[in-house]
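This briefing concerns charged side chains and helix packing. Please examine the sequence and the structure below before reading on.

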Amino acid sequence: MTGTNTHFSTLQRLLHWLMAIGILTMLFIGVGMVSTIGRQYVPLLVTHKTLGIAILVLALVRLVVRFISGAPALPADLPEPMKLAAYLSHVALYALMIGMPLIGWAMMSAAGYPIVLYGGLRLPAIVPQSDSLHALLWSAHFYLAFAFFALVLMHLAAALFHGLVRRDGVLQTMLPGK
C-alpha cells in the first residue's frame, strides 16, 4: 500500500468486495464442475466462463483505479518482512485475478470449444487449437486454482490478523464506512 489516503476509495472497496464474492463463487463453481459429469455441468461451465470474464474485466478496472487512486500506507511500525509479504501477495492476487481467466479462455480456445457467455456473447479464440496446449493449460488452470484458494485464505488470515491481533487499522481501510 502506498499513499497518504487513510482508506481505500468507495469505488476501490466496492470492486474489492464484488470481486471477493465473485472469486469465492468461482472457486466453488470450479470444484462443482470438476466433480460432476451430470446435467449440472453445462450450466456450471457457462456460469464459470461468464463470471471468469467478469472477474477479468473487474480486475483490470480495479488495477487502473489502484494506479489512479493509490492505497493507504501500511503502518510505519509494521516489520519489513510483513510489508514485503503484503506487497508480494497483492502482486500475486492481481496476477491470478487476471491470469486465471486468461488461462481458462486460452484453455477453451486450445480445445476448440466455443467460448459462449450468458446472453449468447461469443468470445474469439485467443490461441490456436492444440491438444497438447489444451492439456498444459488445463493443468495450469487446475493447479493455479489451488494456489489462488490458498492465497485467498492467506489474505483473509492477514486481514483478520491486522483487525483482531495488531489492531493497526489496516483491515478498516477496506471496510465500509469511514
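Which side chain does E80 meet in a salt bridge? The partner of E80 is K83, with an N to O distance of 3.6 Å. The model is predicted, and a search of the whole structure finds three salt bridges. The points below treat these pairs, then a buried arginine, and finally the packing of two helices.

**The pair within helix α3**

- E80 and K83 both belong to helix α3, where three residues, about one turn of the helix, set them apart.
- E80 is exposed, at a relative accessible area of 55%, whereas K83 is partly exposed, at 23%.

**The network around R166**

- R166 forms a salt bridge with D77, in which the closest N and O atoms are 2.9 Å apart.
- Because R166 lies in helix α4 (residues 131-166) and D77 in the loop between α2 and α3 (80-111), this pair ties together parts that are 89 residues apart in sequence.
- R166 also forms a salt bridge with D168, and here the closest N and O atoms are 2.7 Å apart.
- D77, R166 and D168 are thus linked in a network of salt bridges.
- Within this network, D77 is exposed, with a relative accessible area of 57%.
- R166 is partly exposed, with a relative accessible area of 25%, and D168 is likewise partly exposed, at 21%.

**The buried arginine R62**

- R62 is located in helix α2 (residues 41-69).
- R62 is buried, yet no salt bridge is found for this residue.
- The nearest side chain of opposite charge to R62 is that of D168, 16 Å away; a salt bridge requires a nitrogen-to-oxygen distance within 4 Å.
- D168 itself is paired with R166.
- Leaving aside residues up to four places away in sequence, R62 touches L15, H16, M19, Y94 and M97.

**Packing of helices α1 and α2**

- Two packed helices are described by the angle between their axes and by the distance between those axes.
- Helix α1 (residues 10-34) packs with α2 at an angle of about 155°, and their axes are 9 Å apart.
- That angle makes α1 roughly antiparallel to α2, since angles over 145 degrees are counted in that class.
- The crossing of α1 and α2 is left-handed.

Conventions. Residues are numbered from 1 along each chain as its sequence is written. This is a predicted model: local features need pLDDT of at least 70, side-chain atom pairs count only at pLDDT 80 or more; totals for chains, interfaces and linings use all residues. Side-chain values use heavy atoms; hydrogens and water are left out. Helices (H or I, at least four residues) and strands (E, at least two) are DSSP runs, numbered from the N terminus. Buried means under 20% relative accessible area, exposed over 50%, partly exposed in between (1.4 Å probe, protein chains only). Lys and Arg count as positive and Asp and Glu as negative; His and the chain ends are not counted. Contact means heavy atoms within 4.5 Å. Axes are lines fitted to C-alpha atoms, for helices over the stretch in contact, and angles run from 0 to 180 degrees between N-to-C directions. Angles under 35 degrees count as roughly parallel, over 145 as roughly antiparallel, 65 to 115 as roughly perpendicular and the rest as oblique. A crossing is left-handed if the near helix is turned anticlockwise from the far one by less than a right angle, and right-handed if clockwise.
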